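Here is a short briefing on selected local features. Keep the sequence and the 3D view open while reading.

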Amino acid sequence: MKPVKVGLLGLGTVGTGVVRIVEGNQEDLSSQVGSPIIIEKIAVKNTEKDRVIAVDRAKLTEDPWEVIRHPDIDVIVEVMGGIDQTKEYILEALERGKHIVTANKDLMALHGSEILAKAQEKQCDVFYEASVAGGIPIIRTLIEGFSSDRITRIMGIVNGTTNFILTKMSQEGASYEEVLAEAQALGYAESDPTSDVEGLDAARKMAILSTLGFRTNVELKDVTVKGISSVTREDITYARRLGYEMKLLGIADRIDDEITISVQPTMVRQNHPIASVNGVFNAVYVHGEAVGETMFYGAGAGELPTATSVVADIVAVTKNLKLGVNGLKAIVSYKTKRLQSDEQIVSKNFILLHVDDKAGVLAQITQIFAEYDVSLASVVQQPNEHNPDAEIIIVTHNASKASMDKVLKHFESLSVIRRIKSVYRVEG
């Protein structure tokens, strides 16, 4: 049985996990695909570095091109990260007829259409299960499991760092700054956490999921993004008091082939399954017209969960090699992209206002909502010993984004409103 040879770009956390699984599960993998899978060459930054796993130094190189151009390598596994230079490596590998497995969400969100087009031209596989939600097989599920259905909604917690932060703030009453520092100390957050906490990481993942789920080419610029850095303990306290948990949700909706995608802190009703997803775990909720509601839950990051998805893709490539069907499963975005207008995007909303504590203020505020045809589900005014102003908490019924924008703009010009403290989407 001729072995399938793999070239590995990167030997960090995920790359190390790939080596562990391939070498540790060789018997099982070989029985599945009918031949051994061998890691032939590994590109690293420093071949002399001490590593947590034993690797034959003869397999190491500091030149990624040596891996790309290796004549015996069948599959390139990219777990080194980066965008522009990495894109060059991937396109050159495809040009040489090599199949690609990548965990690089940034690369696929920004250049996935170009890479997949090249793969189709060269009849090569490009698999990227590990780019979204770590060990949860959500990409393969969207492509294969929902192939007979029409997906109308994808909603998920797809960033473990922000979910860890919001969970700790909710359960322990800690501040955002305190929990972020803890997340960095534990290795859950980078020293520069911007991509995670400002929602950019989640936005890239939602662009990938929406492209696959809706069969249209969703770009990063199509995703409305708001992060969690402005979420306070006060916001979370009020959310829980009203029966909600705060989560950074990616939400993609399709109505009559018009779509909208966003990432934003969202108040989720506590009886919704996704509200109970805590810590660094991820969950993706998918609604299909035929199947109804489904939810996929698991570890969204980490060495072995992510590496499991990478190796599963290697197995898929190898099976295709044996069958001679590589490059035939590429998902082509065949639908014209049509984005919903602000008048079409609707949601419930939570608004926290700091206002003058005097008679008639509430009447003025409710009149503005009525003026823009926004109906109210609840209005609560209560004292806050830490705030000399009155606080008004409002939850709306479903209202269009266009109407809510007009309401908030009007509030900014109303003298009795001292501050629009918080505005969040509400689910459930």
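Contact here means heavy atoms within 4.5 Å. The model is predicted. The points below cover a helix with a buried side, a buried lysine, a strand residue with a distant sequence partner, and a surface patch.

**Helix H2**
- H2 spans residues 26-33, and its buried residues are Leu29, Ser30 and Val33.
- These residues lie on the same side of H2, because they cover an arc of only 100 degrees around the axis.
- Three elements pack against the buried residues of H2: helix H1 (13-24), strand E2 (37-43) and helix H12 (303-323).
- Glu27 and Ser31 are exposed, and they sit on the face of H2 turned away from its buried side.
- Gly34 comes just after H2 and takes a positive phi of about 85 degrees.

**Lys168 in helix H7**
- Helix H7 runs over residues 160-172 and includes Lys168.
- Lys168 has a relative accessible area of 16%. Buried means under 20%, so Lys168 counts as buried.
- Beyond its neighbours within four places in sequence, Lys168 is in contact with Gly173, Ala174, Val179 and Glu182.
- With Glu182 there is also a polar contact, side chain to side chain, at 3.1 Å.

**Glu293 in strand E12**
- Glu293 belongs to strand E12, which covers residues 292-299.
- The relative accessible area of Glu293 is 57%. The cut-off for exposed is over 50%, so Glu293 is exposed.
- Leaving out residues up to four places away in sequence, Glu293 touches Tyr285, Val286 and His287.
- The side chains of Glu293 and Tyr285 are joined by a polar contact of 2.9 Å.
- Ile154 is 139 residues from Glu293 in sequence, yet their C-alpha atoms are 9.9 Å apart in space.

**Surface patch with Tyr297**
- Tyr297 is also placed in strand E12.
- Its relative accessible area is 47%. Partly exposed covers the range between buried, under 20%, and exposed, over 50%, so Tyr297 is partly exposed.
- Together with Phe281 and Met295, Tyr297 forms a nonpolar patch on the surface.
- The three residues of this patch have about 280 Å² of accessible area together.

Key. Residues are numbered from 1 along each chain as its sequence is written. This is a predicted model: local features need pLDDT of at least 70, side-chain atom pairs count only at pLDDT 80 or more; totals for chains, interfaces and linings use all residues. Side-chain values use heavy atoms; hydrogens and water are left out. Patches are made of residues with over 30% relative accessible area and no salt bridge: like charges are joined within 9 Å, nonpolar side chains (Val, Leu, Ile, Met, Phe, Trp, Tyr) within 5 Å. Accessible areas come from the Shrake-Rupley method with a 1.4 Å probe; for residues, only the protein chains shown count as cover. A salt bridge is a side-chain nitrogen of Lys or Arg within 4 Å of a carboxyl oxygen of Asp or Glu. Helices (H or I, at least four residues) and strands (E, at least two) are DSSP runs, numbered from the N terminus. Buried means under 20% relative accessible area, exposed over 50%, partly exposed in between (1.4 Å probe, protein chains only). A polar contact is a pair of N or O atoms within 3.5 Å; within protein, one must be able to donate a hydrogen and the other to accept it, and residues adjacent in sequence count only if both atoms are side-chain atoms. The arc is that of the directions from the helix axis to the C-beta atoms.
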